[in-house]
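I opened the model to look up one strand, its neighbours and the nonpolar cores. My notes follow the order in which I checked things.

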Amino acid sequence: MTTSTELTGPTGSTGSTGSTRFTVEPYPGLPLTVRDVGAGRPVLVLHGGAGPASVSGVVDHFAATSRVLAPTHPGWEDTPRPEWFAGVDDLVETYLDLLDDRDLRDVLVLGSSFGGWIAAEMAVRDRGRRIGGLVVMGAFGPRLEGHEVRFPTAPPGPPPAENSGRGEDPGRGEGSGPAQGSGSAQGPGPGEGAGSAQGSGAPAPRRGPSPAALQALAAYAGPMKSDPKLLHRLARVTVPALAVWGENDTVVPPDYGRAYAAAIPGARFELIPGAGHLPTREAPEATFAAIDAFLAAAGR
């Protein structure tokens with residue numbers, strides 16, 4: 001990492017109740033923005049295709065007791081992604097370097113959806129033993145026969161110029177198809193139901209990832225949208241691991257999650273009733289209770 005710039009958040013504080021963003025340049029021409037909030041044992045939170053807002057509840061939950069680092073993957077939120085920076089391995093090595101450069105140890109790495117793929121690969125490649133725990137939620141990555149991931153497609157909504165690449169509605173999950181589950185997030189989003197801005201001239205909110213985010217997601221995931229070797233390599237993971245899945249996840253079905261967990265030695269699998277692809281948004285109490293119980297059992 002060649003540069004570091006501290007950017008104070010809206011609170012104007014870097015304490016446990018404040019939020020700071022810093023920017024590093026892991027490679028020339030590739031700025032990486034990281035939200036840094038809280039104090040205590042470090043937690044790295046990795047978002048999926050719906051962007052940083054989709055894991056804001058996770059960040060807030062852990063910030064009460066931990067130091068949380070939440071990077072924005074290059075290509076999301078109008079951040080630059082050089083053409084050569086394409087592949088999950090680029091993100092994995094960048095975030096492992098981030099842990100090394102900040103000298104962080106016993107890090108809990110939590111990834112949602114695409115972020116779970118990154119988190120799992122990090123745990124496999126963690127030669128520096130920086131990672132102390134792994135949580136994946138509705139994650140994809142391994143290739144499993146008979147379990148095809150429903151990759152998101154471009155959702156309806158205003159063109160990118162009107163949204164600046166950040167108009168996704170995180171409550172809709174990562175896809176643009178039917179509702180993902182029975183939680184409140186599956187109903188009409190802001191401006192979609194009664195009392196919306198229809199007829200007011202205001203643009204309708206976008207559902208799911210923006211076109212710019214989907215382009216970045218496709219570049220990282222590649223044409224196969226999976227890693228055929230990852231399922232076997234997960235046997236290298238030695239830290240306590242938890243797989244959390246919504247029972248109504250139609251993007252990555254629960255059976256995929258069960259196979260994911262079974263490939264990691266000693267990993268636990270937790271099914272969250274009534275939740276879809278983003279259980280921390282659709283059933284937050286049950287989801288965080290499951291995560292907290294796992295961490296308590298693991299001594300964190």
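Before starting I wrote down the cut-off: a residue is buried if its relative accessible area is under 20%. I also noted that the model is predicted.

Entry 1. I looked up strand β8, residues 241-246, and found 6 of its 6 residues buried. Next I asked which way the residues of β8 point. A241, A243 and W245 point one way, while L242, V244 and G246 point the other way, and all are buried. This fits the general rule that side chains in a regular strand alternate between the two faces of the sheet.

Entry 2. I then looked for the strands that pair with β8. Strand β7, residues 131-137, pairs with β8 in the parallel sense over 4 bridges. I found L134 bridged to A241 of β8. Strand β9, residues 268-272, also runs parallel to β8, and 5 bridges join the two. There, G246 is opposite I272.

Entry 3. I followed the chain from β8 to β9. Together with helix α7, residues 254-262, these strands make a right-handed β-α-β unit.

Entry 4. Which residues touch the most other members of the largest nonpolar core? This core has 55 residues, and the ones I was after are L44, F114, I118, M122, L134, L234 and Y260. Helix α3, residues 114-125, gives the most to this core, with 8 residues.

Entry 5. I picked L44 and listed its contacts, leaving out residues up to four places away in sequence. Among them are L69, P71, Y95, L99 and M122. A second, separate core has 24 residues, including V45, V59, M137 and V244.

Note on methods:
Residues are numbered from 1 along each chain as its sequence is written. This is a predicted model: local features need pLDDT of at least 70, side-chain atom pairs count only at pLDDT 80 or more; totals for chains, interfaces and linings use all residues. Side-chain values use heavy atoms; hydrogens and water are left out. Buried means under 20% relative accessible area, exposed over 50%, partly exposed in between (1.4 Å probe, protein chains only). Two strands pair if DSSP finds at least two bridges between them. A crossover is right-handed if, with the strands pointing away from the viewer, the path from the first strand over the helix to the second runs clockwise. A nonpolar core is a set of buried Ala, Val, Leu, Ile, Met, Phe, Trp, Tyr and Cys residues joined through side-chain atoms within 4.5 Å. Contact means heavy atoms within 4.5 Å.
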